[in-house]
Amino acid sequence: MLIPLLSLQYDRIQALAEAWLAHGAQAFGVYANGRALAYWPAGQRLLAPDITAPIYQYGEVAGELRLTGLRDEAARRRLQAEANLIGYILQLEYELQCMTADLVATQDQQLALYRLTQAMRDLVTIRETLDTVIVEAKRMVKAQAGFATYVPTNGGEPLLVQSSPQRLSPESIWRLHWQLQTEDRPIVLNESDGDLRRPPGVRNLLLLPIRVRGMIMASIGLIDRSGDFGAPELKLGRAIAEQASAQIERILLYQEMIEQARLRSEMDLARRVQTDLLPRTLPEVPGLDLYAYSRPALQVGGDFFDFITVPNHPFIFTIGDVSGKGVSAALLMSMTRTALHSKAQFMPSPTPASVMRQSNEDLYNDFTRIGVFATVFVGQYEAEHREIAYANAGHAPVIYRPRSGNAELLLADNTAIGILPVNHFQNRYLPLRPGDLLVVATDGFSDARNADDEMFGIERLLIAIDELAERSAREIADGLFSAIDRFSAGHPQDDDQTLIVLKGAEP
């Protein structure tokens with residue numbers, strides 16, 4: 001450091017020398033390790049100085065001042081003071097150079113991190129991000145190789161990315177990854193430490209966690225730096241890991257937005273399927289006051305209702321609910337409705353029991369293979385006898401109220417479609433004279449919940465039907481929907497709500 005200082009401060013040191021010569025000294029010089037660095041006058045090397053004064057830098061002798069021609073104590077004190085001043089300037093110069101080097105290194109690191117951010121800005125996959133991080137991290141910390149791991153939390157396949165050349169086997173890398181998960185902090189393995197975790201053939205290794213959403217979802221490893229991995233490399237590595245974490249978070253949010261958009265599209269499609277398959281108009285059947293309506297939930301379900309009117313055949317209606325929700329339930333609902341409709345329309349002499357039996361046989365294999373079932377109610381109105389013949393495959397609630405009695409729940413006497421390969425359905429009969437009432441709904445009514453997570457239940461449904469029984473079929477349906485809405489205020493609709501109301505009327 002003394003030679004650079006002489007270059008920077010030569011004029012000042014020369015001024016000191018000239019002052020000594022003017023004061024009567026014969027020669028003045030600056031030495032280091034016994035070698036002359038500068039001396040005045042020219043040609044006077046001060047081989048045998050009369051006075052010397054050491055120049056100290058951080059407690060170590062960096063050089064000395066030599067003086068010939070003066071020997072008094074005042075000259076000795078003055079020379080030592082000047083040596084101390086030069087030592088102080090030397091320390092300041094060294095510190096300034098260190099600060100400058102730190103600033104340059106910091107600026108280089110900030111520029112490198114900025115380049116890393118820019119490079120990752122348009123990346124949309126985790127693999128691309130890890131590839132870029134490895135390349136930039138190797139360059140910044142001057143490592144010869146690198147790798148990165150990523151373990152998604154949604155059960156997806158773990159990802160391993162390595163740079164070229166590959167220094168470690170996948171087994172060794174995953175072992176390090178799970179070690180990092182256990183220790184929950186960066187791992188530094190230098191050759192000088194003698195750490196037994198250091199893989200064979202690796203001189204040194206720095207392994208950094210990449211935290212995403214509070215968990216170590218990824219890691220980056222850097223291998224074989226020319227020097228040991230120390231505090232500066234660890235600090236820089238943490239900054240790189242933070243950049244990678246932010247980018248992975250952005251990618252996950254982007255993927256979630258895409259998935260949500262896809263799900264919304266599927267839900268819209270399912271709702272259109274349901275809506276398009278429901279009858280657009282209500283049939284006019286002599287002797288019946290009829291109304292039906294389906295109100296889908298935000299989550300699409302498998303509710304449906306249908307009317308089959310064939311010349312010279314009794315009027316048939318169906319209502320059902322396929323287990324599950326979403327697009328799959330909507331598609332299975334379509335299958336179930338189509339099977340019932342075709343049997344009721346094309347069988348020579350359809351009855352509720354025969355329509356249900358044939359539909360169950362058609363659907364059983366498909367339903368069993370994918371593990372679903374459907375509750376179905378099929379009714380047939382016999383105008384001549386003013387009665388309803390019906391078959392019930394596990395469907396509820398079905399409520400009958402005679403004109404002069406109270407509403408009562410009719411229990412299903414057969415299992416749902418898709419449960420058994422052969423189901424022995426039987427026709428049941430109900431009178432439907434003027435004033436008699438039959439309400440067939442899906443469980444979206446009885447299972448509706450309020451803000452306290454309390455169910456509406458069958459009892460409330462029976463009471464509501466008794467209160468509405470004197471009104472028209474349309475008014476009864478509207479009243480039931482209103483009762484459900486009042487009860488469920490503050491709680492979203494969980495399931496589709498579908499019902500058919502049949503009330504006996506004068507022909």
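**Strand β1, the cores and a surface patch**

From β1, Ala-27, Gly-29 and Tyr-31 point one way, Phe-28, Val-30 and Ala-32 point the other way, and all are buried, where buried means under 20% relative accessible area, exposed over 50% and partly exposed in between, with a 1.4 Å probe and protein chains only. In a regular strand the side chains alternate between the two faces of the sheet.

Before I go on: this is a predicted model, where local features need pLDDT of at least 70, side-chain atom pairs count only at pLDDT 80 or more, and totals for chains, interfaces and linings use all residues. Residues are numbered from 1 along each chain as its sequence is written, and side-chain values use heavy atoms, with hydrogens and water left out.

β1 covers residues 27–32; strands are DSSP runs of E, at least two residues, and helices are runs of H or I, at least four, numbered from the N terminus. Which strands does β1 join? Five bridges join β1 to β4, residues 60–68, antiparallel, and five join β1 to β2, residues 35–40, also antiparallel. Strands pair if DSSP finds at least two bridges between them. Gly-29 stands opposite Arg-66 in β4 and opposite Tyr-39 in β2. β1 and β2 form a hairpin with two residues between them, and Asn-33 in the turn has a positive phi of about 55°.

Next, the interior. The largest nonpolar core has 46 residues, and Phe-317, Ile-388, Leu-438, Ile-500 and Leu-502 touch the most other members. A core is a set of buried Ala, Val, Leu, Ile, Met, Phe, Trp, Tyr and Cys residues joined through side-chain atoms within 4.5 Å. A second, separate core of 29 residues includes Ile-134 and Leu-208.
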